[in-house]
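Q: Could you take me through one part of this model in detail? I would like a close look at the second largest cavity and what lines it.

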Amino acid sequence: MPRAVGAPHTTFAGLRSHGFNHPPGATPGQQLPHGADHGRAGSRQGRALPHGLEHGPAGPAGSRQGRTLPHGVGHGPTGLGHAPPRGPSPSGLPAINAIARNGLPHRPFPGEAGFTGVPPRGETRFVSNEMVVHVGAEVSPQALDAAARRLGLTPISSQSLALSGGRLVHFRIPSGQVADAVRMLEAEKIGIAQPNYVFQLQQDVHAAAPPPKGDPAQYVIDKLHLHDAHGIASGTNVAVAVIDSLVDTAHPDLAGSIAGQFDAVAATDKPDEHGTGMTGAIAAHRRLLGVAPRARILAIHAFSPDAQHPQQATTQNIVAGIDWAIAKGVRIINMSFAGPYDPLLQLALKKARDKGVVLIAAAGNMGPQSPPLYPAADENVIAVTAVDESDKLMPQANQGAHVALAAPGVNVLEAAPRASYNFTTGTSVAAAHVSGVAALILERNPAIGPAALEEVLFSTARDLGAPGRDPMFGYGLVDPYRALNALEAKAVAGRSLPVPETTASANTQVTVATTSAKPPPGAAGLVSGAPAGPIGPATPPAPKTGAVSPAGKLTISGITPPAPPVGPATTELDESPATMEKKRQTCGQDAAAMGVRASEMPDYIAVCVGEARLACLKQAVAQKVRGPERRDFMNRCLQGS
C-alpha cells in the first residue's frame with residue numbers, strides 16, 4: 001500500500017522539485033491579519049481542540065471536548081465580525097478582506113499580496129513542534145539544507161506532490177516556536193512555510209445495539225427518495241475519495257465498493273467507526289442502502305488516534321491524500337472533518353477544483369457561535385450542515401454564509417467495524433450523503449463540471465428555514481431525485497428530435513429565453529445550451545414568457561409552460577388536457593406554499609410539470625406500457641404524483 005510519508009532525509013542534496021516560489025511582494029515575516037487578536041490561547045499549545053458533540057457547543061468547564069477556539073475571523077455584533085471589503089490591492093490581486101463567492105472574507109493564496117504562513121495570534125490547532133514547507137525548483141537543495149541547519153530544523157520526511165509539481169517537506173522544530181520558525185523561513189524566501197495544522201473528524205458516534213433484523217429503520221431512504229433516485233442513477237463507476245479514518249473494507253455492506261486505498265499516516269490502526277460509517281453512507285448496498293450504492297470508493301487513511309487524542313490528521317496527511325486522489329482520477333472528495341484555516345490545504349483545494357473535482361465537507365459541530373471551520377469554509381468547497389428526520393437543524397451545527405446545503409445527519413444508522421451497525425449524529429454523515437448525491441449526478445452526466453453540478457444541487461434543494469439561502473440551512477435540503485430529474489429535463493431541452501415520437505415530452509415545446517444578461521445560477525446549470533427545437537410533433541413556437549431573474553437568485557428562468565398544439569394533432573397526447581391542467585394547478589399551489597414569487601411562478605410550474613411527466617414516462621417504459629394503455633397510465637400517474 002502506498003504511503004504519504006516517505007523515508008526520513010538527513011540532508012536535501014538530492015531534493016529536486018517544482019512548485020511555487022516565495023510569494024512576490026510579501027514582506028518577510030509579515031503577519032497576515034487572518035482575524036482579530038484573540039489573546040491567550042485557551043488550550044494546550046500545539047493540539048487542536050476536538051469538535052465533536054460529546055459536550056455540546058461549549059462543553060463543561062475544564063473539558064477539552066466541544067470547546068470553541070476562535071480563529072481566522074473575529075467576533076462582532078453579528079457573531080462573524082467580517083471586515084468590509086477593501087478595494088483592489090496595488091498589485092491587482094484580490095484584497096485581503098475581499099469577499100469570496102461563499103460569502104466569507106477572501107484569504108490570500110500563496111503568491112497573492114499579503115499572504116503569510118505565520119499562524120494568527122491565538123491559533124494553536126497545530127502540532128507544537130512541527131512545520132511543513134512546500135519547495136519548488138527555484139529553491140536549491142543546498143539552500144534548503146543550510147536554512148534547516150541554521151534554524152535547527154530536523155527533516156522528518158518529504159513527498160512529491162503531483163497536484164502542485166512541488167515537494168512537501170516535513171520538519172521537527174526543537175524549540176517548539178512554530179510561528180518564529182515560519183517567519184524565519186519566509187524571510188529567506190525558501191518556499192511556502194506553515195504549521196502542520198491539525199483537523200478533527202466531525203461526528204458523535206454512539207455505539208448502540210443493532211436494531212432487529214429486517215428493516216434497519218433508515219429514515220434517510222424515504223427522506224431522500226432514494227428508491228426513486230436509484231431508478232435513474234446509482235453512482236455506477238463514479239470515483240469518490242473519502243479522506244477519513246481507517247475503513248473496515250471487509251464490512252459486508254461495502255463488499256466490492258473499495259476501488260483503492262492509501263495510507264497517509266503510516267500507522268497500524270484498527271478500522272474505525274467514522275471512516276467506515278462515512279463510506280457506508282455513500283456506498284452501502286446490502287443491509288443498508290447508501291446514497292450511491294454503486295460508487296467506487298477510494299479510501300484514504302489520513303486520520304489516526306494517539307494515546308491522548310482521538311482521530312486527527314495534519315496538513316501533511318490531508319494534502320497527501322488529496323494529491324493521491326487526484327492522481328487516481330477521482331471526481332468527488334468527501335471531507336467529513338474540520339479545523340483551522342490552512343494555506344497549503346487552501347491551495348490544494350483550488351488545484352483540485354481547477355481539475356474538475358467536486359469538493360464536499362462537513363460544516364462542523366461547534367455550534368452557531370463558532371467561527372467558520374475549514375475546509376468547509378473554503379470557497380471551492382460545498383459546506384454541508386445536518387438536519388434530523390423532521391428537518392430540524394442539529395443544534396450543534398456550525399452556521400454562516402458559507403453553508404450551502406443540508407442533509408440528514410441526526411440519528412443516522414450506519415455501518416461500523418466488524419460487520420456491526422451504529423447510530424451516528426453530526427455534519428460528517430450529512431456531508432457524506434451529499435457526496436453520494438453528487439455521484440448520482442456524475443453518473444448521469446460525466447461531463448458536468450463542479451460549478452454546473454453545484455447549480456443543480458442548489459437550485460433543486462428543498463428550501464428550509466427563511467426563504468432563499470440562509471446561514472442555517474444554506475439553499476435547503478438536498479434532493480437527489482429532483483436534481484436528477486432537473487438534469488434529465490436539461491438534457492431533453494438540449495435535444496431536437498426531428499422525427500415525431502410518442503414520448504413524455506410529446507407535443508411539448510421547450511424554449512430557452514434569449515437574453516444578453518448572465519443567467520442566474522440555477523438556470524445556467526439546468527437550461528444552458530443551445531435553444532431546443534420542438535420535441536415530438538412540430539408546433540409553432542410558444543411565445544417567450546418571463547424574464548431572467550436578478551443575479552444571485554436560484555430560479556429556473558426562461559422556460560416556457562407547455563404550449564398547446566396548434567392545428568390537427570398528428571400524435572395523440574399521452575395524457576388528457578384536464579389532467580395536465582390539474583397538475584399545473586397542483587404545482588402552482590406547491591409554489592405558493594413555498595413562497596415562490598409571482599414573477600417566478602411560470603418557471604416553477606413548467607419545471608414541476610415537466611419533472612412529473614418525465615418520472616411517469618420512465619415508469620411507463622419500465623413497465624412496458626404501450627398503445628392505448630399508455631394514456632390511462634400517464635393520467636393515473638400524474639394524478640397521483
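A: Happy to. A helix here is a DSSP run of H or I with at least four residues, and helices are numbered from the N terminus. Please keep in mind that this is a predicted model.

Let's start with the space itself. The structure holds seven cavities of 30 Å³ or more, and the second largest has a volume of about 110 Å³. Twelve residues line the second largest cavity, and those nearest its centre are Leu161, Ser164, Val319, Leu344 and Ala348. Two elements each give two or more residues to this lining: α6, spanning 315-327, and α7, spanning 343-354. Of the elements, α7 gives the most, with four residues.

What is the lining made of, by class? Eight of its residues are nonpolar, two are polar and two are charged. Val319 lies within the range of α6, while Leu344 and Ala348 fall within that of α7. As a reminder about helices, an α-helix has 3.6 residues a turn, so residues three or four places apart point the same way.

For context, here are two other parts of the model. Helix α5 (residues 273-283) is mostly covered, with ten of its eleven residues buried. Its N-terminal end is capped by Asp272, which places a side-chain oxygen 3.0 Å from the backbone nitrogen of His274. Strand β15 (residues 412-416) is largely enclosed by the rest of the structure, because five of its five residues are buried. Strand β15 runs antiparallel to β16 (residues 420-425), and five bridges join the two; across this pairing, Ala415 stands opposite Tyr421.

Definitions and conventions. Residues are numbered from 1 along each chain as its sequence is written. This is a predicted model: local features need pLDDT of at least 70, side-chain atom pairs count only at pLDDT 80 or more; totals for chains, interfaces and linings use all residues. Side-chain values use heavy atoms; hydrogens and water are left out. Buried means under 20% relative accessible area, exposed over 50%, partly exposed in between (1.4 Å probe, protein chains only). Two strands pair if DSSP finds at least two bridges between them. A polar contact is a pair of N or O atoms within 3.5 Å; within protein, one must be able to donate a hydrogen and the other to accept it, and residues adjacent in sequence count only if both atoms are side-chain atoms. On a 1 Å grid over the protein atoms alone, a cavity is a set of points where a 1.4 Å probe fits but cannot get out, and a pocket is an open set with protein on both sides within 12 Å along at least five of seven lines; lining residues have an atom within 4 Å of a point. Grid points are joined across faces, edges and corners, and a volume is the space filled by probe spheres set on the points. Ala, Val, Leu, Ile, Met, Phe, Trp, Tyr, Cys and Pro count as nonpolar, Asp, Glu, Lys and Arg as charged, and the others, Gly among them, as polar.
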